Amino acid sequence: MCQHQPPCPSADSTDREAAQLVAHHPEQGWSLLCNGVLLFEDTGELLPDGQVIAPHRPVDPPRVTAAA
């Protein structure tokens with residue numbers, strides 16, 4: 001699929017999320033990457049072969065404290 005140089009990571013590589021955006025629909029919560037991966041705003045993914053990757057965002061976000 002990818003025509004970029006250097007080519008984007010394939011959908012089955014561990015760094016697949018580094019591929020370039022082809023379509024971005026934040027109002028619907030998804031983006032299509034150059035390698036055919038659908039990336040959802042909850043960090044879940046749908047690979048071109050139909051495999052589902054569960055959301056993998058941090059469970060406990062870092063706490064922000066205000067300076068006194």
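Throughout these legends, buried means under 20% relative accessible area, exposed means over 50%, and partly exposed lies in between (1.4 Å probe, protein chains only). The structure is a predicted model, in which local features need pLDDT of at least 70, side-chain atom pairs count only at pLDDT 80 or more, and totals for chains, interfaces and linings use all residues. Residues are numbered from 1 along each chain as its sequence is written, and side-chain values use heavy atoms, with hydrogens and water left out.

**View 1. Welcome to the whole chain, which has 0 helices and 5 strands.** Helices (H or I, at least four residues) and strands (E, at least two) are DSSP runs, numbered from the N terminus. Read from that end, the elements follow the pattern β-β-β-β-β. Of the 68 residues in the chain, 25% are buried. The chain exposes about 5,300 Å², with carbon and sulfur atoms supplying 57% of that area; accessible areas come from the Shrake-Rupley method with a 1.4 Å probe, and for residues only the protein chains shown count as cover. Contact means heavy atoms within 4.5 Å. Among contacts between residues at least 6 apart in sequence, 20% join residues at least 24 apart.

**View 2. Here the 5 strands form an open sheet.** Two strands pair if DSSP finds at least two bridges between them. The order is S1-S2-S3-S4-S5, and the pairing is antiparallel. Strand S1 (21-25) and strand S5 (52-53) stand at the edges with a single partner strand each, so one side of each has no neighbour in the sheet. At the S5 end, strand S4 (residues 45-46) is joined to S5 by 2 bridges. Look for Leu46, whose bridge partner in S5 is Val52.

**View 3. Leu21 is found in strand S1.** With a relative accessibility of 53%, Leu21 counts as exposed. Setting aside residues up to four places away in sequence, Leu21 touches Ser31, Leu32 and Leu33. Leu38 is 17 residues from Leu21 in sequence, and their C-alpha atoms lie 9.9 Å apart in space.

**View 4. Cys8 and Cys34 both belong to the largest nonpolar core.** A nonpolar core is a set of buried Ala, Val, Leu, Ile, Met, Phe, Trp, Tyr and Cys residues joined through side-chain atoms within 4.5 Å. This one has 8 residues: Cys8, Ala11, Ala19, Leu33, Cys34, Val37, Leu47 and Ile53. Cys8 is buried at 15% relative accessible area, and Cys34 is buried at 8%. Beyond its neighbours within four places in sequence, Cys8 is in contact with Cys2, Ala19, Gln20 and Cys34. If you are looking for disulfides (pairs of cysteine sulfur atoms within 2.5 Å), the count comes to 0.

**View 5. Arg16 lies in the segment before S1.** Its relative accessibility is 15%, so Arg16 counts as buried. Leaving aside neighbours within four places in sequence, Arg16 is in contact with Pro9, Ser10, Ala11, Leu33, Asn35, Val37, Glu45, Leu47 and Ile53. Ala11, Leu33, Val37, Leu47 and Ile53 in that list are also members of the core in View 4.

**View 6. Thr43 lies in the loop between strand S3 (38-40) and S4.** Although Thr43 is not a glycine, its phi is positive, at about 80°. With 22% relative accessibility, Thr43 counts as partly exposed.
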